[in-house]
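Q: Please take me through a close look at the paired strands of this predicted model. I would like one connected account, with the confidence of the prediction and the surroundings of the strands kept in view.

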Amino acid sequence: MVSPSTLRAIEQPGEVGPAPEQPLGSCPPSEPAFRFDRVVHRYGTTVAVDHLSLEVGRGEMVALLGPNGAGKSTSIAMLLGLLDPDAGSIEVMGTTPRRAMAMGVVGAMLQQASGNGLPHGERVGTVLEMVRRLYRRPAPMDLLIRRAGLEGLLGRQTQRLSGGQAQRVRFAVAIAGSPELLFLDEPTAAMDIDARRAFWKVIAELGREGLTIVFATHHMEEAEHADRVVVINHGKVVADGPGATLKAAVAIRRLRFTTKCADQATFDGLAGVTDVELRGGVVVLNSLDADATVCDLVRSGIEFKDLEVTGARLEEAFLALIREADASGTAGTGQAS
Amino acid sequence: MNPLAAFGRFELFRLLRSWRFLAVTVGFPVIFYMLFLSDHSARRIIDGTVPWREYLMVSMCSFGALVAALNAGGTRLASERATGWARQLRVTPLPPWSYVGTKVAVSMVVVLPVVLLVEIVGTTFGGVPLSAAQWFELTGLLWVTAVPFAVLGVFVGFLVHAETAYPVVTVLMFVLGYFGGLFSPVSSMPAALQTTARLLPSFHHASLGIDLLAGHGLDATHWLVLLGYAVVLALVILLKYRREESLGLA
């Protein structure tokens with residue numbers, strides 16, 4: 001299996017950007033990019049984030065997964081200094097989230113509920129020029145244009161951009177200050193396939209320069225770009241493992257059929273099966289190799305009908321794999337609740 | 001360049017590049033002034049002390065300040081909050097309060113030339129002779145006291161939905177203009193409306209200018225009402241902001 005990290009290593013360094021910039025003196029490289037320590041946030045009586053602890057090192061590329069309402073957005077808002085924790089502490093680039101933001105070492109691309117997140121009636125170039133002036137170390141304009149794919153768009157009025165174009169402009173806004181920590185919320189939601197491919201190439205390029213990148217996504221395939229995947233649910237980190245584990249999880253298929261046989265051990269013994277669920281006459285199997293499982297099932301002589309093979313629900317599959325890895329003590333950082 | 005200065009410059013030019021803003025802000029006060037000037041009551045003396053021409057010029061200065069401040073703050077702010085631009089600015093090195101603060105400041109910046117423009121119209125076409133000292137004092141007074149209008153513009157942009165902000169601004173412009181006595185003297189209004197006028201910032205803004213030209217002292221009530229408006233509106237903005245901040249929405 002090829003892990004995203006090896007992929008990054010063999011990728012040709014296309015155009016070479018400026019040399020990686022020195023981290024600001026105030027934050028020695030040994031410190032993590034950010035650290036959540038038993039962070040709690042409540043809305044009234046609802047606990048959105050429940051003693052969440054997470055540490056991300058410099059230069060890591062982390063995918064943040066989790067269903068809506070899992071506490072992901074609240075955690076992100078606290079990471080960016082938009083929200084304060086009720087308990088626990090958050091450190092970003094060796095200081096508080098707000099100070100890190102004020103120092104200009106954090107760049108963020110937020111998700112837009114409505115509208116395209118840009119001021120209407122302005123040209124793209126004017127907006128970018130202004131944003132660059134907000135930072136101490138603005139990225140060169142031509143680098144921004146190339147990385148965000150804005151060739152020919154600088155003279156365009158922001159309200160005339162397509163959804164994907166606006167998203168690219170917001171990406172340029174996020175990296176305009178040459179940040180050391182880049183946060184991206186659903187960064188490719190409005191992009192077409194070509195734009196997505198180009199976007200992930202640039203992200204890999206930034207990663208090679210030592211930027212810490214954290215992105216939230218609902219697309220499991222996109223999480224594969226990360227070298228670490230963190231799943232948040234019920235306000236906690238419920239899974240935390242290398243991107244390669246997720247790659248395996250993507251391959252998992254879900255087999256569902258009806259049968260009279262109700263012997264858990266029989267199904268467990270079938271080739272490729274990672275977990276078994278019996279619901280009355282219905283059996284649901286997760287399998288790493290659906291073809292082999294079906295062959296084995298036929299060979300076993302068990303009568304079955306209504307067989308369906310579908311992609312597994314990824315977050316579950318990912319969790320299952322991490323649990324498995326933990327049990328056998330192989331994959332390092334995994335933790336499951 | 002300092003981040004705040006860069007942002008302020010961007011905001012100011014953003015406003016001045018808008019043809020709609022310029023047309024409304026320059027057009028309304030000047031056209032209204034011209035219309036009212038042709039009024040036959042030109043020789044009237046208002047409240048026994050102030051000639052109609054002077055009353056009219058000061059009223060139109062107030063109206064101009066009101067139009068400029070409401071249009072600078074209100075509609076754009078509401079739309080930028082709706083499209084997510086305001087939130088994007090929160091994740092830059094700009095201090096959290098600088099977005100709203102800059103809106104108020106830029107509104108104040110555009111109010112000044114509008115007040116001056118109306119005074120130029122007043123001295124050239126309106127038959128109001130102003131000494132250099134009067135120019136200076138009147139301009140300064142009407143400019144500084146336009147702060148509640150600037151805060152009101154931001155208030156509208158902050159509290160009203162993007163789609164309704166434009167109509168709300170338009171209605172406010174004319175309601176505050178008409179009922180504040182900027183289009184016709186308050187003393188010629190029915191008693192009930194006179195009472196209403198005294199509750200509006202537009203009336204007190206113009207009254208200060210008229211006090212100045214009439215040569216009697218500036219009535220402290222006018223200052224207090226204007227200050228009250230600025231403080232109360234700013235507090236509501238602050239509370240709304242704090243609430244959004246506590247939800248992570250600001």
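**Strand pairing in chain A, and its setting**

A: Over residues 330-337 of chain A the pLDDT stays under 50, and for this stretch the model has 23 contacts beyond four places in sequence. Since the model is predicted, it is worth setting that stretch against the chain as a whole: chain A averages a pLDDT of 82, and 82% of its residues score at least 70. Another stretch to read with reserve is residues 1-27 of chain A, where the pLDDT is below 50 and where the model has 33 contacts beyond near neighbours in sequence.

With that caution in place, we can turn to the strands themselves. Four strands of chain A, in the order β11-β12-β10-β13, form an open sheet with antiparallel pairing. Its edges are β11 (273-279) and β13 (304-311) of chain A, each of which pairs on one side only. On average, neighbouring strands of this sheet are turned by 15 degrees against each other, when direction is ignored. As a general point, strands of a sheet pair through backbone hydrogen bonds, in either a parallel or an antiparallel way.

Within this sheet, β10 (residues 253-259) and β12 (residues 282-287) of chain A pair in the antiparallel sense over 6 bridges. The register of that pairing can be followed residue by residue: Arg256(A) stands opposite Val284(A) in β12(A), while Phe257(A) stands opposite Val283(A) in β12(A). Strand β12(A) is joined to β11(A) as well, by 6 bridges, and these two strands run antiparallel. Here Arg279(A) is the residue that stands opposite Val282(A) in β12(A). The hairpin made by β11(A) and β12(A) has 2 residues between the strands, and Gly280(A) takes a positive phi near 60 degrees in it.

What is the strand order of the open sheet of 3 strands in chain A? The order is β2-β1-β4, and the pairing is antiparallel. The edge strands are β2 (46-56) and β4 (87-92) of chain A, each pairing on one side only, and the twist from one strand to the next averages 25 degrees. Strand β1 (residues 34-43) of chain A pairs with β4(A) in the antiparallel sense over 5 bridges, and the bridge partner of Phe36(A) in β4(A) is Ile90(A).

Two loops that adjoin strands of chain A deserve a look at their backbone angles. In general, most residues other than glycine have a negative phi. Met93(A), although not a glycine, has a positive phi of about 50 degrees, and its place is in the loop between β4 and α3 of chain A. Is Met93(A) buried or exposed? Met93(A) counts as buried because 25 other C-beta atoms lie within 10 Å, the cut-off for burial being 20 or more. His234(A) is not a glycine either, and has a positive phi of about 50 degrees; this residue is found in the loop between β8 (228-233) and β9 (236-242) of chain A. With 15 other C-beta atoms within 10 Å, His234(A) is partly exposed.

Beyond its strands, chain A meets a partner chain: 29 residues of chain A are in contact with 22 residues of chain B. On the chain A side, the elements that give two or more residues are α2 (72-79), α3 (97-103), α4 (124-133) and α6 (163-175). By character, the residues on this side of chain A divide into 17 nonpolar, 9 polar and 3 charged.

For the setting of these contacts, chain B has 11 helices and 2 strands, which run α-α-β-β-α-α-α-α-α-α-α-α-α from the N terminus on. The radius of gyration of chain B is 19 Å, close to the 18 Å that the globule rule gives for 250 residues, so chain B is as compact as a globular protein of that length. Its C-alpha atoms fill a box of roughly 60 × 40 × 30 Å along the principal axes, and 46% of its 250 residues count as buried. One of the buried residues is Ala69(B), which has 29 C-beta neighbours inside 10 Å and lies in helix α3 (residues 52-83) of chain B. Leaving aside neighbours within four places in sequence, the contacts of Ala69(B) include Ser107(B), Val111(B), Ala146(B) and Phe149(B).

Terms used
Residues are numbered from 1 along each chain as its sequence is written. Chains are lettered from A and ligands numbered from 1 in the order in which they are written. This is a predicted model: local features need pLDDT of at least 70, side-chain atom pairs count only at pLDDT 80 or more; totals for chains, interfaces and linings use all residues. The radius of gyration is taken over C-alpha atoms; the globule rule is 2.2 Å times the number of residues to the power 0.38. A residue is buried if 20 or more other C-beta atoms lie within 10 Å of its own, exposed if 12 or fewer, and partly exposed in between; C-beta atoms are placed from the backbone. Two residues are in contact if their C-beta atoms, placed from the backbone, lie within 7 Å. Ala, Val, Leu, Ile, Met, Phe, Trp, Tyr, Cys and Pro count as nonpolar, Asp, Glu, Lys and Arg as charged, and the others, Gly among them, as polar. Two strands pair if DSSP finds at least two bridges between them. Axes are lines fitted to C-alpha atoms, for helices over the stretch in contact, and angles run from 0 to 180 degrees between N-to-C directions. pLDDT is the predictor's confidence in each residue, from 0 to 100.
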